[in-house]
Amino acid sequence: MTSHTRTTTPFTRDSTADEVLAGVDLTGRRAVVTGSTSGIGVETARALAAAGAEVTLAVRDIEAGERTAAEIASKTGNRTVSAAPLELTDRSSVAAFTAAWQGPLHILVNNAGIMALPELHRTPEGWELQFATNHLGHFGLTLGLHDALAAAGGARIVAVSSNGHLRAPITFDDIHFERRAYDPWAAYGQSKTANVLLAVEATRRWAADGIVANALYPGGIHTNLQRHTEGAEMTAEIRAIFDDYPWRSTEQGAATSVLLAASPLLDGIGGRYFENCNEALPHDPATAGESMEAGGVAAHALDPEAAARLWDVSLDMLTG
C-alpha cells in the first residue's frame, strides 16, 4: 500500500446522497450509471440528476430503464435523463454501448453487480459469471469509454466494490474455478477485489489524461443484490450475520458513490477505496471479527502489481 495522506470528509455512514451533493452544480456534466433500475443505482442516478447532470442509465432491461429515467426526470425536473441498453456479460453489447457514445463523459459509475450465486454459472466464453459481470464487463466498458472520459478534462470513474473483497484476492491461476471447487463468496470476493484493482490501475495509467478512479463499499442496503442469499440456501452463519446487520437506507447507501462521482472534496484523488464517505483504513483482521460491517481495505486490493497483472489478464480475456 503506497503511503499518502488519508482523504477524509465531513460526511459519515449516515449521510445521504443529497447531503453529500448539497451545493454541487453538475450542469454540463454527463454521467453513466450501470445497474440503475434498482437499489443504490437508481438513487445514485437520481442524486446526480438532481444536481444538474445529464445522466444515462446503462441497463439490461431497457423498458425498466426508460420507466426509471422518466421517474427520475419527473422527480428532479431534469429532462436530460435517458436509458441505453447494456448487458455486461455480452461483449457485443458493451462494444455497441461504447461505440454509440458521443462526446465527453465526466462521470462513469460502475454500479451493477451480482452477488453470491449459489451455483457455478459460466458465460459462453467459460468465464465465471460473477467475475464476468462485476469485473470484466465493467473493464470493457471503461476501456471503451476512455476517449470520452479523457475528452471531459477531469473525469471520474467510480467502482462500486464491497467489503466482500476482504474474503478473496484474485486467484490468478484459476480465476474461473476450472480446477478449484466453486465457492459463492470466494467468487464474489474475488470480483469485488477486481473492482478495487481496476480503480488502482486506471488511475495509474490514465491520471495524465485527467482521469481518476476510486472504489467504494456502499454499506449494507436491502436491495435485489441479496436475492441469491436470502432463500433456503442461506447458511446459518450468513443468516445470523444478516439478522444482526446494521442496514442503511438506499439514500445513505448511494452517498459514497456520489461523493466519489462529483464532490469537489475529491478533486484529483484516485486509486483509493472508500467506505462511510471517507477513505478506508487498512483492514485489521485481528479487530474486525466476522461482522459484515467489518471495515477497512485489504492490502491485496490495493496491490499495484496485482492491479497491473489483472489489467493485462482482463485485456487478454476480452480480446482473446
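**Exercise 1. Confidence of the model**

Task: State what average pLDDT the protein chain has, and find which stretch has a pLDDT below 50.

Solution: The structure is a predicted model, and the protein chain averages a pLDDT of 92, with 89% of the residues scoring at least 70. The next step is to look for the weak part, and over residues 225–234 the pLDDT is below 50. This stretch nevertheless has 25 contacts in the model beyond near neighbours in sequence. Where pLDDT is low, the predicted coordinates should not be read in detail.

**Exercise 2. Overall make-up of the chain**

Task: Determine how many helices and strands the protein chain has, and what share of its residues is buried.

Solution: Counting the elements gives 12 helices and eight strands in the protein chain. Turning to accessibility, buried residues make up 56% of the 320 residues. A last step concerns the contacts between residues at least 6 apart in sequence, of which 78% join residues at least 24 apart.

**Exercise 3. The nonpolar cores**

Task: Describe the largest nonpolar core, and identify which element gives the most to this core.

Solution: The largest nonpolar core has 50 residues, and those with the most contacts inside it are Phe97, Leu105, Phe131, Leu145, Leu149 and Ile170. Two or more residues come from each of the elements α4 (91–100), α5 (129–144), α6 (146–152), β5 (155–160), α7 (184–206), β6 (211–217) and α12 (304–319). Of these, α7 gives the most, with eight residues. Apart from this core lies another one, of 38 residues, which includes Leu48, Ala261, Ala262 and Cys277.

To see the surroundings of one residue of the largest core, take Leu105: with residues up to four places away in sequence left out, Leu105 touches Arg30, Ala31 and Val32, and also Leu145, Ala148, Leu149, Ala152 and Ala155.

**Exercise 4. Two helix pairs**

Task: For α5 and α12, and then for α2 and α10, work out how the axes are oriented and which residues make the contact.

Solution: Begin with α5 and α12, which pack at an angle of about 90° with their axes 10 Å apart. Since angles of 65 to 115 degrees count as roughly perpendicular, α5 and α12 are therefore roughly perpendicular to each other. On the α5 side the contact is made by Phe131, His135, Leu136, Phe139, Gly140 and Leu143, and on the α12 side by Leu310, Trp311, Ser314, Leu315, Met317 and Leu318.

For the second pair, the axes of helix α2 (residues 39–50) and helix α10 (residues 255–262) come within 9 Å and cross at roughly 40°. That angle makes α2 oblique to α10. The crossing in which α2 passes α10 is right-handed. Ile40, Thr44, Ala47 and Leu48 of α2 make the contact with Ser257, Val258, Ala261 and Ala262 of α10. Among these residues, Leu48, Ala261 and Ala262 also belong to the core of 38 residues.

**Exercise 5. Positive phi outside glycine**

Task: Locate Phe177 and Cys277, give their phi values, and decide whether each counts as buried or exposed.

Solution: Phe177 lies in the loop between β5 and α7, and it has a positive phi of about 55° although it is not a glycine. Because buried means under 20% relative accessible area, Phe177, at 4% relative accessibility, counts as buried.

Cys277 is placed in the loop between β7 (273–275) and β8 (278–279), and its phi is near 65°, again a positive value in a residue other than glycine. At 1% relative accessibility, Cys277 counts as buried, and it is among the residues of the 38-residue core.

**Exercise 6. Loop residues and their surroundings**

Task: Classify Thr123, Glu125 and Ile221 by accessibility, and relate them to residues elsewhere in the sequence.

Solution: Thr123 is found in the loop between β4 and α5, and at 8% relative accessibility it counts as buried. Leaving aside neighbours within four places in sequence, Thr123 is in contact with Thr89, Leu129 and Ala132.

Glu125 is also in the loop between β4 (107–110) and α5, but with a relative accessible area of 32% Glu125 is partly exposed. Glu125 and Thr89 are 36 residues apart in sequence and 9.7 Å apart in space, C-alpha to C-alpha.

Ile221 is found in the loop between β6 and α8 (236–244), and at 7% relative accessibility Ile221 counts as buried. The C-alpha atoms of Ile221 and Glu251, which are 30 residues apart along the chain, are separated by 9.5 Å.

Notes:
Residues numbered from 1 in each chain as written. Predicted model: local features only at pLDDT ≥ 70, side-chain atom pairs only at ≥ 80, totals over all residues. Heavy atoms only, no water. Core = buried A, V, L, I, M, F, W, Y, C linked by side-chain atoms within 4.5 Å. Buried < 20%, exposed > 50% of the residue type's maximum accessible area, 1.4 Å probe, protein only. Helix = DSSP H or I, 4+ residues; strand = E, 2+ residues; numbered from the N terminus. Contact = heavy atoms within 4.5 Å. pLDDT = per-residue confidence, 0-100. Axes fitted to C-alpha atoms, helices over the stretch in contact; angles between N-to-C directions. Parallel < 35°, antiparallel > 145°, perpendicular 65-115°, else oblique. Left-handed = near helix turned anticlockwise from the far one by under 90°.
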